[in-house]
Structure formats: C-alpha cells, structure tokens
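User: Could you take a close look at the salt bridges in this one for me? I'd like to know who pairs with whom, and how buried or exposed the partners are.

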Amino acid sequence: MKLRYSAILAGLLVLASSCNEKFELAGGTPDFQVKTTATTFKVGEDVTFSFEGNAGLISFYSGEVLNDYAFKDGRTVAAGQVNLSFTSGVTGGTQTNQFSVVASSDFDGNYADFTRVQAATWTDITNRFLLGTNATFLASGSKDITDLVVAGKPLYLAYRYVTKPQLVSGDARTWMVQNFLLTSNTTIGALTLSNMLNTGFRIVNQINDTTIVPRSSISASRVTLLGNAYSAGNDPLHEIWAISKPINAGEIDLGPDRPLSLKGNSDPRLESYTYKFTNPGIYKVYFIAANANINESREVIRQIDITIEP
C-alpha cells in the first residue's frame, strides 16, 4: 500500500513539474532589420521594405490614419458637422400628422417608463426632412443636426408616432423607416456615428394595457410603426416611440489604431513587403517584430520616415 502511494505521489510531482516547465523562447529577441532603397517616393509608387534577420511575428503600421503607431493605445476625435439621413414610406389608413422625428440630450434612458420619455425635452426636427408619401421609400436627404449636440451629453434620436381614436379620425397609417445613418465630418474624414444595425432602436408604448395590442416592431433593417388594434369600447389616443440608444455625437472614441499583420509563426520567412501610399505626406512607418510563446514575448521595433510626393 505504501509503495502504491509513493508511486502515485511521484507521478503527481512529475506532472506538477511538467505543468510549471518554462518553454524556451525560440529565436529569443528577433534579429530583425528593415531597409528601403530610398526614403522619398511618389503617390502610387511601390515602396519595398526589405527585411534582414527573422522573426516569428511581423506587423506593420503605415503611419496613415487608423494605421498609425502613435495611436496604438487609442484615438479620439472631435465630431464636426453631424448629419442625419434615412428613408421612409407610408401605407394604408387616412390619419394625418402621425409621424415625427425628434431629438433629446436630456432623456435619462429609461425606456421602460413612458413618463420618463414625456419628462425629457424633445426637439421636433421633422420639417428638416423629406418624408415618404406612399409605399415607395423616399430618401430624407442628409440634413445637418449639429445644433442638437450638447457637449458632454449623449444624443437620443426618436421617431414619434401618434394614433388618434380611429373610429373618429379614421384608420391609422403604417409608417416605415429604413437606412438610418448618422455621420460626422471630422478632421480625419467622414465617420459613421450610428446606422440601422447598431442604433439600437427600442419601442416605447404610452399605454401599458394588455387589451391594447401594440403592433409596431423593429428589425435589423426597418422600424415599423403601426396603429394598435381597436374596438368600439377600446379606442384610445395612443403614442408609440422608437428611441435610439444614447449616441456620443460630440467626441468619437475610435479605439486603438490596429497594425496590419504581415507574418505569423507558421508562415515562412518573409524577405520583403511592398506597399503603396495613396496620399502625399510624411509617414512614420513602424514594423513590430516579435518571437513569442505561451510564457513570454520579445519584440523589436523598427521605424522609417517615408516622404510621399504628389
């Protein structure tokens, strides 16, 4: 019994030792250098970077916007002019003035309580846009809404839909919105702040009553605002809102600039890399070469200034 116990203990010790084993880093610190035939090139001309030595991993920053080593830890840009556009269509019914476009910077984000929606200050901007008049979707035009942005506060955009008593005012119409797009002109070009896929519209109903059947819906491509079912004894005035998530339209956090991966551990040795710059300027090009395993990583950084002429 003692012998068996000793054998088991010895086995566990060997296993623990193997689990704690530190694997030797193949290649150690990379012996890696970068050269070019010149440092001045023309727009669209091949720029060939020749490599000496070797590394398991090689990545590349061109120095261009969104691929700049200087912003490897993060990039934040101030928004410029903010523009909103969408397409809309309408079908059925006879009611008028049901649909409006509104914005708020003081909504508290409580979508579950309609009184919180009412408590917020909403600016009606419907008249800035072209709205559909039939089932054919009509482009609203890209309209400037920069005046609605308040520094340090999120922007909420919403579609407000009012159904008046339908036995008196006629059947409600069905309003549909697609292609929602919010963009900003920044110092690095036009950026998308929000679109139909990530705006996160949520339906908020005025009436929390199971006898009032809401029929409005939101899909990945469309907001559909539809009058509730009604009867002679159950035909109230009813508001439904489709409200966006909070949108940061004043300062845009783009996250870190990412390098382009040129070589992985399993790839053969890389002798060179050729790149074309599309705009004139002076670019700080960086190559990050590394050898790495599960225990450690060692890297070297090589930098070359490249001038690109028109």
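Here is a walk through the charged pairs, with a short look at the nonpolar cores afterwards.

Analyst: Sure thing. Keep in mind that this is a predicted model. The count comes to 11 salt bridges, and three of the pairs make a nice tour.

Let's start with Arg 75 and Asp 257, whose closest N and O atoms sit 2.6 Å apart. This pair links distant parts of the chain: Arg 75 is in strand 5, while Asp 257 is in the loop between strand 18 and strand 19, 182 residues apart. Arg 75 has a relative accessible area of 5%, so it counts as buried. Asp 257 is buried too, at 2%.

Next up is Lys 276 with Asp 46, where the closest N and O atoms are 3.7 Å apart. Lys 276 belongs to strand 20 and Asp 46 to strand 3, so this bridge ties together parts that are 230 residues apart in sequence. Here the partners are partly exposed: Lys 276 comes in at 47% and Asp 46 at 44%.

Then there's Lys 72 and Asp 73, with 3.3 Å between the closest N and O atoms. Lys 72 is partly exposed at 33%, whereas Asp 73 counts as exposed at 69%.

As for the nonpolar side, the largest core has 32 residues, and Leu 84, Tyr 159 and Leu 225 are among those touching the most other members. Strands supplying at least two residues each include strand 6, strand 11 and strand 12. A second, separate core of 21 residues includes Phe 41, Val 47, Tyr 283 and Ile 304.

Methods. Residues numbered from 1 in each chain as written. Predicted model: local features only at pLDDT ≥ 70, side-chain atom pairs only at ≥ 80, totals over all residues. Heavy atoms only, no water. Core = buried A, V, L, I, M, F, W, Y, C linked by side-chain atoms within 4.5 Å. Buried < 20%, exposed > 50% of the residue type's maximum accessible area, 1.4 Å probe, protein only. Helix = DSSP H or I, 4+ residues; strand = E, 2+ residues; numbered from the N terminus. Salt bridge = Lys/Arg side-chain N within 4 Å of Asp/Glu carboxyl O.
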